[in-house]
Amino acid sequence: MEKRSEELFDLARKYIPGGVNSPVRACLAVDSVPLFIVRGSGSRITTADGVEYIDFVQSWGPLILGHAHPGVLRAIVEAAERGSSFGAPCEAEVRLAEVVCAALPAMEMIRMVSSGTEATMSALRLARAFTGRNRLVKFDGGYHGHGDAFLARAGSGVATLSLPGTPGVPPSVVEDTLIAPYNDTPAVEELFRRQGEEIAAIFVEPAAGNMGLVLPEPGFLEALRAICDRYGALLVFDEVITGFRVSYNCAQGYYGVKPDLTTLGKIIGAGMPVGAYGGRREIMARIAPEGSVYQAGTLSGNPVAMAAGLAALEALRVSDYAALAARVEEFCREMEKIFAAKGVEARINRLASMFTIFFTGRKVLDFASAQSADAALYTNLYKHMRGCGVYLAPSCFEAAMVSFAHKEEDFSRALEALRSWEPRK
């Protein structure tokens, strides 16, 4: 059933490290060969072997409208016919900037880039320049892209592959990266008590998506805001995953906490390579050419990518987020009942259209508790569901993604597949 994918993977390993261009795709953590995808439509993907799967990855989050959304496709084609790249300003980037800033009250100005990693790297440089300080606080298991300073105790693929530390990154680069457990306000307060005058910013996923989905405890984000205000540091929300997925006003609107800077990606590109960072005007005015903090990108504001993102946000502005969240909640409750009937301890963290299955009896509220989950059992589940035509993330440290394109049949088939699962390690 996966013969062509296996052949392509063998060929890929001759020319591409590990056979993939992003590590988690290799499916090493779930003891499988990656599926090579030839097309996607709505909630489904089709492999090189012609097998169709219900997709709960959705390109790791950006496809909240589903694969090949007609409005997005139309915008891409029309933009591409006018030219794929100019390396110069275009109207679409101005319109997308206007739409994003209107959706996020905390964002008065925005700079488009080409990836979430580029956005967080640039936001860190800007935060350091604005405050005149070098240190940053991030959270154990938090992933903010593969920028050197962020790879200390990172989640996502770093956690999935159990990579030791940050090879290739000089120790001096991560000396200024301070780590606290997610949801641990006293630990953050202690870091600031000792080094607050040296800390430029706190970088945090307002709902962590790269140690599996971990939600902020009540008051946690508000406490981070208050600490930053007290010490003159910047609060940076990494909304590369949560942006326009938790709600149209992103996680900061959902939780009612206003950051100084926000990084975005995924959905604002509708599956194209797009990222962005933005925030208060006085901070963003430091970016060249208005200010002296240099950051540039030949493909930033690419006309095709901007058109795709604009079409996606236009559709999302009138989409029923609450209805989708309610359907995902119902789906997760049904899964919990199935696990309980099988005698399997499982916690399903969910938020809006995201969820993560943790095989543990503990409440998962930080990276340590996420790591306590049974990874071998997740591997067993992944293989079974894949064999039933249901595609889950090939890592227990990632969030599953649901789109507006998922239909009742998709949920029903997934639940049917889960009922036929026989748990074993």
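The legends below describe close-up views of a predicted model. Residues are numbered from 1 along each chain as its sequence is written. Local features need pLDDT of at least 70, side-chain atom pairs count only at pLDDT 80 or more, and totals for chains, interfaces and linings use all residues, while side-chain values use heavy atoms, without hydrogens and water.

**View 1. An open sheet of three strands runs in the order β11-β12-β14.** The pairing is antiparallel; two strands pair if DSSP finds at least two bridges between them. Strands (E, at least two residues) and helices (H or I, at least four) are DSSP runs numbered from the N terminus. β11 (347-351) and β14 (400-401) are the edge strands, each pairing on one side only.

**View 2. β11 and β12 form a hairpin with two residues between them.** Five antiparallel bridges join β11 to β12 (residues 354-358). L351 has M354 as its bridge partner, and R350 stands opposite F355. In the turn, A352 has a positive phi of about 55 degrees.

**View 3. β11 is mostly covered.** Four of its five residues are buried, that is, under 20% relative accessible area with a 1.4 Å probe, protein chains only.

**View 4. Residues of α3 and β4 help to line the second largest pocket.** α3 (91-103) and β4 (109-113) each supply at least two lining residues, and β4 gives the most, with four. By class, the lining has 16 nonpolar, eight polar and three charged residues; Ala, Val, Leu, Ile, Met, Phe, Trp, Tyr, Cys and Pro count as nonpolar, Asp, Glu, Lys and Arg as charged, and the others, Gly among them, as polar. A pocket is an open set of points on a 1 Å grid over the protein atoms alone where a 1.4 Å probe fits, with protein on both sides within 12 Å along at least five of seven lines, and lining residues have an atom within 4 Å of a point.

Note on methods:
Buried < 20%, exposed > 50% of the residue type's maximum accessible area, 1.4 Å probe, protein only.
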